[in-house]
Amino acid sequence: MNEQLRIEHLSKSFLVNNEKLDVLDDINLNIDKGEFISIIGHSGCGKSTLLKILAGLTGYTVGSVKIDGKELRDSADSAKCCMIFQDHRLLPWKTVRQNIAFGLYEDDKSEENINSYIEMVNLKGFENAYPHQISGGMAQRTAIARALVRKPEILLLDEPFGALDALTRIEMQKEVLNIRSYNHTTMILVTHDIDEAIYLSDRIIVTSNRPAAIKKEFKVELSRPRMRTDSDFMRLKSKIFREFFDTYSK
Ligand SMILES: Nc1ncnc2c1ncn2[C@@H]1O[C@H](COP(=O)(O)OP(=O)(O)OP(=O)(O)O)[C@@H](O)[C@H]1O
Ligand SMILES: [Mg+2]
C-alpha cells in the first residue's frame, strides 16, 4: 500500500506543576495516502495532543513519527498537515474571503483560487461577510476552506463539528466526503460520535483513557455512500459502542 504516515512507539508526557503527566502511551499507527481514519476516545485522554504533534504544534521526544519516510521533528513536513479545530478560530475583523486567504503566498491569493474554495464549501454570496454575520456551520466551513486552500496532504480534524446541530453536522460530513473525492486528501478525524466515524472512515481507532493507547481498531468495510439506517451500519455501531463502553467501564 501507499503508506504516508508511520507512527511508532510514540509516547508523550507534559510537566504539570513539576509532575509528569503521561498523555500518549506507545502509539503505533500506519496510515496510507488517501485513507480516512477516525479516533474515538474519552475526554482528556490525549487525542488533540496526538493531532497537535502531527501538525507540528507540539513536540515529542519518545518514539517516531514519519511523513513520507521523513522524521517529523527533523523536517518541515508538518507543513503537509493542516489542522481544523473544534472552534473555528476565524479572525473576527476579517471577512470570509480574507480569513481563507490569510497568510497565503501571493500566487495562491488570486481571486480565482480563493473563489474555487469558497464554492467548494458552499459559501458563495457570503465571501464578504464577517464571522459574526454568518452561522456556526458557515464559520466552520470557512475554517475548512482556510485549511484546504493550503492544499494539505493530511487534514487533521479535531472534533470540527462538535458545536453544530445534528442536521448541519450531517451536511458537513457529506461535504467532507465530497472534498475528499476531489482532492484525495488523507484525513484523520477526532470525534466522539460513533455514527460520524462509521459514516466517514475507512478505519476507526478506539483509544484508552489517559494516557491514550490504541485499544482497538475497526475496519469499516461498508460500501459508500453509507446509510445510517442500514443493518450492517447499525451492527458495527453497536459493536463499537460495546467496545467503547467496555473500555471505560473497566
Ligand atoms: N500544553 C499542555 N501542557 C500541559 N498539559 C497539557 C497540555 N496540553 C494538554 N495537556 C493535558 O493532556 C491531557 C490530554 O489533553 P488533550 O487535549 O490531548 O485531550 P483530548 O483527548 O483531546 O480531550 P478532549 O476530548 O476533551 O478534547 C489533558 O490532561 C490535558 O490537561
Ligand atoms: Mg481534544
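This briefing walks through the fold of one protein chain, one helix in particular, and a few spots along the backbone.

The model you are looking at is predicted. The protein chain folds into 7 helices and 10 strands. Half of the story is on the inside: of its 250 residues, 50% count as buried.

**Overall shape**

- The radius of gyration of the protein chain is 18 Å, which agrees with the value near 18 Å that a compact globule of 250 residues would have.
- If you follow the C-alpha trace along its principal axes, the protein chain spans about 50 × 45 × 40 Å.
- Take the contacts in the protein chain with a separation of 6 or more: 69% of them are made by residues 24 or more positions apart.

**Surface and charge**

- The protein chain has an accessible surface of about 12700 Å², and carbon and sulfur atoms hold 50% of that surface.
- Among the side chains, 35 are positive and 36 are negative.
- The centres of these two sets of charges lie 2 Å apart.

**Helix α3, a helix with two sides**

- Helix α3 covers residues 111-120, and its buried residues are N113, I114, Y117, I118 and M120.
- These buried residues cover an arc of only 160° around the axis, so they sit on the same side of α3.
- A handy rule helps here: an α-helix has 3.6 residues a turn, so residues three or four places apart point the same way.
- What do the buried residues of α3 pack against? Their partners are α2 (96-101), α4 (136-148) and α5 (166-183).
- On the other side of α3 you will find E111 and E112, which are exposed.

**Just after α3: N122**

- N122 follows α3 and belongs to the loop between α3 and α4.
- The phi of N122 is near 60°, which is a positive value in a residue other than glycine.
- Is N122 buried or exposed? With a relative accessibility of 52%, N122 counts as exposed, since the cut-off for exposed is over 50%.

**Inside helix α4: T142**

- T142 is part of helix α4.
- The relative accessibility of T142 is 0%, so T142 counts as buried; the cut-off for buried is under 20%.
- Which residues touch T142, once its neighbours within four places in sequence are left aside? They are L90, V96, N99, I100, L123 and I134.

**Just after α4: K151**

- Look for K151 in the loop between α4 and β7 (154-158).
- K151 has a positive phi, near 50°, and is a residue other than glycine.
- The relative accessible area of K151 is 52%, so K151 is exposed.

**Two cis peptide bonds to find**

- R210 and P211 are joined by a peptide bond that is cis, with omega near -5°.
- To locate P211, go to the loop between β9 (203-207) and β10 (214-219).
- The peptide bond between R224 and P225 is also cis, and its omega is about 0°.
- P225 lies in the loop that runs between β10 and α7 (231-249).

**Worth remembering**

- Helix α3 has its buried residues on the same side, while E111 and E112 are exposed on the other side.
- T142 in α4 is buried, whereas N122 is exposed and K151 is exposed.

Key
Residues numbered from 1 in each chain as written. Chains lettered and ligands numbered in written order. Predicted model: local features only at pLDDT ≥ 70, side-chain atom pairs only at ≥ 80, totals over all residues. Heavy atoms only, no water. Helix = DSSP H or I, 4+ residues; strand = E, 2+ residues; numbered from the N terminus. Rg over C-alpha atoms; globule rule 2.2 N^0.38 Å. Buried < 20%, exposed > 50% of the residue type's maximum accessible area, 1.4 Å probe, protein only. Contact = heavy atoms within 4.5 Å. Areas by Shrake-Rupley, 256 points an atom, 1.4 Å probe, with all protein chains shown as cover. Lys, Arg positive; Asp, Glu negative; His and termini not counted. Charge placed at Lys NZ, Arg CZ, Asp CG, Glu CD. Arc of directions from axis to C-beta.
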